Amino acid sequence: MMTTALVLFSGGQDSATCLAWALQRYNHVETIGFDYGQRHAVELACRQDILTALRAQFPAWGAKLGEDHMLDMRLLSTISETAMTSGRAVEMEKNGLPNTFVPGRNLLFFTYAAAVAYRRELKVLVGGMCETDYSGYPDCRDNTLKALQVALSLGMEHPLVIETPLMWLDKRQTWALAQELGGAALLEIVREKSHTCYLGDRQTWHDWGYGCGHCPACELRRSGYEGFVKTAVPQ
Ligand code: ZN
């Protein structure tokens, strides 16, 4: 029975919304985070703030919220550095990330998550990947993740389902989903406590949350929020 889930939870807007989605849907939900030495390591601190706020403001969800698992994946930054010395020039891609960012990392994250899920007897893996605001990462594609679901289920002899509730939503719809799941209270938690900015800016406040306001991640978050505010039905 698919009643228990493990949410890939980074502390960003997408994964915070996915966590609420899972808490509404499943009986028991655990979270997993990956420390891979990312520039926006501040996201990892935001994770705890979001978990604390959800427990305080949504007691029914808090009762379903189980362990938080944090895996040290700093090995990935070692792979990045290796790639840098291999002769490939470091360039910024259109999504604002350097091309040294580890390719296929979502495949690794889901595989580690599946190993944790296996041991914890969790049946569903939930991730915030999305093709709509798709930044060009092939490991975010629906077909990639469906193929991975099959590979993991076969390779672990343990039926696992990968759910990606944001796959076909744009950022405006992701804000709307947060409101639908948890009303104004959840919207505030996501707005104030989730982190998106690639530069790790937690000082500059905007209507849509903290961030530098200029990087591609801030840009997406801002335009999504503005679109949401224009079309939102007040609750
Ligand atoms: Zn930013």
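The paragraphs below lead through this predicted model, going from the whole chain to its helices, its aromatic rings and a few single residues.

The chain has 235 residues, and buried residues make up 51% of them. Its secondary structure consists of eight helices together with seven strands. To see how the chain folds back on itself, one can take the contacts between residues at least 6 apart in sequence and ask what share of them joins residues at least 24 apart. That share is 68%.

We turn next to the packing of helices. Two packed helices are described by the angle between their axes and the distance between the axes. Helix α2, which covers residues 42-57, and helix α7 have axes that come within 10 Å and cross at roughly 165°. Since angles over 145 degrees count as roughly antiparallel, α2 and α7 are therefore roughly antiparallel to each other. The crossing that these two helices, α2 and α7, make is right-handed. On the side of α2, the residues that meet α7 are Cys-46, Asp-49, Ile-50, Ala-53, Leu-54 and Gln-57, while α7 brings Ala-185, Leu-186, Ile-189 and Lys-193 to the contact. Sorted by class, the contact of α2 with α7 holds seven nonpolar residues, one polar residue and two charged residues.

A second pair of helices can be read in the same manner. Helix α5 (residues 105-120) and helix α6 (residues 142-155) have axes that come within 11 Å, and these axes cross at roughly 35°. The crossing in which α5 passes α6 is right-handed. From α5, the residues Asn-106, Leu-107, Phe-110, Thr-111 and Ala-114 take part, and they meet Thr-144, Leu-145, Leu-148 and Leu-152 of α6. By class, six residues in the contact of α5 with α6 are nonpolar and three are polar, and no charged residues are found there.

Aromatic rings offer another way to follow the fold, and a search of the whole structure finds six aromatic pairs. One of them is formed by Trp-175 and Tyr-225, whose ring centres are 4.9 Å apart and whose planes stand at 75° to each other, an edge-to-face arrangement. What does this pair tie together? Trp-175 lies in helix α7 (residues 171-193), whereas Tyr-225 lies in helix α8 (residues 216-231), so the pair ties together parts that are 50 residues apart in sequence. Both Trp-175 and Tyr-225 are buried. Another edge-to-face pair is that of Trp-205 and Tyr-210, with 5.0 Å from centre to centre and 65° between the planes. Trp-205 counts as partly exposed because its relative accessibility is 38%, and Tyr-210 is likewise partly exposed, with a relative accessible area of 24%. Returning to Trp-175, we find that ring pairs link Trp-175, Tyr-225 and Phe-228 into a cluster.

Trp-175 also appears among the neighbours of Gln-13, a residue placed in helix α1 (residues 13-25). Is Gln-13 buried or exposed? With a relative accessible area of 2%, Gln-13 is buried. If we leave aside its neighbours within four places in sequence, Gln-13 is in contact with Lys-171, Thr-174, Trp-175, Val-190, Ser-194, His-195, Thr-196 and Arg-221.

His-28, in contrast, belongs to strand β2 (residues 28-35), and this histidine is partly exposed, with a relative accessible area of 28%. The C-alpha atoms of His-28 and Leu-6 are separated by 8.7 Å, although these two residues are 22 residues apart along the chain. When residues up to four places away in sequence are not counted, His-28 touches Thr-3, Thr-4, Ala-5, Lys-64, Gly-66 and Leu-122.

Finally, two loop residues are worth a look for their backbone angles. Most residues other than glycine have a negative phi. Glu-121, however, has a positive phi of about 60° although it is not a glycine, and Glu-157 likewise has a positive phi, of about 50°, without being a glycine. Glu-121 is placed in the loop between α5 and β4 (124-126), while Glu-157 lies in the loop between α6 and β5 (161-163). Glu-121 counts as exposed because its relative accessibility is 59%, and Glu-157 is also exposed, with a relative accessible area of 71%.

Terms used: Residues are numbered from 1 along each chain as its sequence is written. This is a predicted model: local features need pLDDT of at least 70, side-chain atom pairs count only at pLDDT 80 or more; totals for chains, interfaces and linings use all residues. Side-chain values use heavy atoms; hydrogens and water are left out. Rings of Phe, Tyr and Trp (its six-membered ring) pair if their centres lie within 6.5 Å; planes under 30 degrees apart count as stacked, over 60 as edge-to-face and the rest as tilted. Helices (H or I, at least four residues) and strands (E, at least two) are DSSP runs, numbered from the N terminus. Buried means under 20% relative accessible area, exposed over 50%, partly exposed in between (1.4 Å probe, protein chains only). Axes are lines fitted to C-alpha atoms, for helices over the stretch in contact, and angles run from 0 to 180 degrees between N-to-C directions. Angles under 35 degrees count as roughly parallel, over 145 as roughly antiparallel, 65 to 115 as roughly perpendicular and the rest as oblique. A crossing is left-handed if the near helix is turned anticlockwise from the far one by less than a right angle, and right-handed if clockwise. Contact means heavy atoms within 4.5 Å. Ala, Val, Leu, Ile, Met, Phe, Trp, Tyr, Cys and Pro count as nonpolar, Asp, Glu, Lys and Arg as charged, and the others, Gly among them, as polar.
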